[in-house]
Amino acid sequence: MTDTTVLELVSPSALLKSEPVEMVVVPGTDGNFGVLPKHSPMISTIRPGVIDIYAGGKVSERIFVAGGVAEVNPERCTILAEEAVPVADLKADEAQARLEKATADLKEASTAHDKANAERALDIARAQIAALTN
């Protein structure tokens with residue numbers, strides 16, 4: 001039997017996934033990191049990108065996340081995601097529309113707060129488009 005770690009993926013609305021996996025690769029703010037069974041404890045923020053879930057030695061599922069936090073311990077990897085969507089469910093036209101809206105919002109931003117929100121939305125839209133092309 002292969003060693004596994006439990007992946008728990010939680011969005012603001014629901015527990016999306018709770019299952020044993022061989023490995024998960026998470027888009028950490030400081031770079032991607034892999035989580036294997038018996039991983040050392042750590043906490044990391046997550047940048048917009050794709051979580052790769054491994055089974056049978058290869059990527060079995062890819063999930064886009066808009067950001068969040070990952071907590072890792074020897075038994076599990078818990079990801080609290082702001083938004084999570086299977087990459088297969090992303091649509092190029094919706095991602096492009098999101099990019100165009102974020103770009104327009106950034107041009108119209110008049111306060112630092114509005115500018116920061118628009119830049120964040122732009123990062124998410126760009127990451128969605130990258131997920132669709134990789």
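What share of the 134 residues in the chain is buried? In this predicted model, buried residues make up 34% of the chain. Good morning, and allow me to take you through the rest of the structure.

I begin with the overall form. The C-alpha atoms fill a box of roughly 55 × 30 × 25 Å along the principal axes. The chain exposes about 7600 Å², and 53% of that area is supplied by carbon and sulfur atoms.

Next, the secondary structure. There are 10 strands and 2 helices. If you follow the sequence, you meet the pattern β-β-β-β-β-β-β-β-β-β-α-α. Consider also the contacts between residues at least 6 apart in sequence: 51% of them join residues at least 24 apart.

The domain assignment divides the chain into domain 1, residues 5–87, and domain 2, residues 91–133. Their centres, taken over C-alpha atoms, are separated by 23 Å. Where the two meet, 10 residues of domain 1 are in contact with 8 residues of domain 2.

Let me turn to a detail of the surface. Ile-43, Val-69 and Leu-80 form a nonpolar patch there, and together they have about 280 Å² of accessible area. Leu-80 belongs to strand 9, which spans residues 76–81. Its relative accessible area is 47%, so Leu-80 counts as partly exposed.

Finally, I come to residues 92–119. An unreviewed UniProt entry annotates them as a "coiled-coil region". In the model, this stretch is 89% helix and 0% strand. The C-alpha atoms at its two ends lie 20 Å apart. Thank you for your attention.

Conventions
Residues are numbered from 1 along each chain as its sequence is written. This is a predicted model: local features need pLDDT of at least 70, side-chain atom pairs count only at pLDDT 80 or more; totals for chains, interfaces and linings use all residues. Side-chain values use heavy atoms; hydrogens and water are left out. Patches are made of residues with over 30% relative accessible area and no salt bridge: like charges are joined within 9 Å, nonpolar side chains (Val, Leu, Ile, Met, Phe, Trp, Tyr) within 5 Å. Accessible areas come from the Shrake-Rupley method with a 1.4 Å probe; for residues, only the protein chains shown count as cover. A salt bridge is a side-chain nitrogen of Lys or Arg within 4 Å of a carboxyl oxygen of Asp or Glu. Helices (H or I, at least four residues) and strands (E, at least two) are DSSP runs, numbered from the N terminus. Buried means under 20% relative accessible area, exposed over 50%, partly exposed in between (1.4 Å probe, protein chains only). UniProt positions are given in the numbering used here, feature names are shortened, and annotations may be inferred rather than shown by experiment. Domain bounds come from an automatic or database domain assignment. Contact means heavy atoms within 4.5 Å.
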